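Hi,

Here is the structure I promised to pass on. Have a look at it first, and my notes come after.

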Amino acid sequence: MGRSAEARELRLLADDLVALFNEQTPHLIIATSRDDWDRARLYGRTATGLLRYHHWMADTSASRMTWLVALRGQMMADNLLALAERGPALVHANNGHLQRDKSSMRMGDLLLEWWSAGAIASAHLGRRYAFLATALGTMRHQGVDTPPPDTTEGLLYALPEDRCVIDAPRLATTLDDTRPAHRVSPYYGYAPLDPAHLAGYDGIVFVKGVAQI
């Protein structure tokens, strides 16, 4: 359906309409308001992004899933950059969406790799972009028990505080060449920290235990 003749025509019309909208930016901001222009721009990039996404949903090649996760990252990055234009903003998402390094995910035998929203936004914003990774010790009601002591979470779990913010670059320097082991989570809802990315974090927000609510 995403590659039907009608879908292709709609995608072209949406692209032309967004191009016309951008070309008319000076007039539109004066005739309406900056907030109205921002909202219309959001609708435009969402529409063109979803049409592009649906196009690749209809793909049958081996690259289908890679295209989909990459497009999702690009759409998220566009929203992050739009927020940054309006001033400082605090956003929350999975570490894999906001980290500076290339993200990866395994689905069965398929390894997907893509540049995340954070990596794209960081490339544009430079020092204006900061990333605090989140990590937890236990989530026992989901089978996530005490982390092994040789993992990053295990090292943080040994601290006396229940909640803390860690200077990640300093931690990476302290560990030097001793890279922590990669923790394995039995619960799909928690993706452990990747120790290979430790030096790319500005900080780590660590919570020792998450209880069932």
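Below is what I found, starting with the overall layout.

This is a predicted model, in which local features need pLDDT of at least 70, side-chain atom pairs count only at pLDDT 80 or more, and totals for chains, interfaces and linings use all residues. Residues are numbered from 1 along each chain as its sequence is written, and side-chain values use heavy atoms, with hydrogens and water left out.

The chain has 8 helices and 5 strands (DSSP runs, H or I of at least four residues for helices and E of at least two for strands, numbered from the N terminus). Their order along the sequence is α-α-α-α-α-β-β-α-β-α-β-α-β. Of the 213 residues, 36% are buried (under 20% relative accessible area, with exposed meaning over 50% and partly exposed in between; 1.4 Å probe, protein chains only).

Now the largest nonpolar core (buried Ala, Val, Leu, Ile, Met, Phe, Trp, Tyr and Cys residues joined through side-chain atoms within 4.5 Å). It holds 31 residues, and Leu171, Leu198, Tyr201 and Ile204 touch the most other members. Among the elements that each supply at least two of its residues are helix H4 (64-86), helix H8 (168-175) and strand E5 (203-209).

Helix H1 (residues 5-23) is worth a look too. Ala7, Ala14 and Phe21 are buried there. These buried residues fall within an arc of 50° seen down the axis (using directions from the helix axis to the C-beta atoms), so they line one face of H1. On the other side, Ala5, Glu9, Leu12 and Glu23 are exposed.

Best wishes

Definitions and conventions:
Expected span 1.5 Å × (residues − 1).
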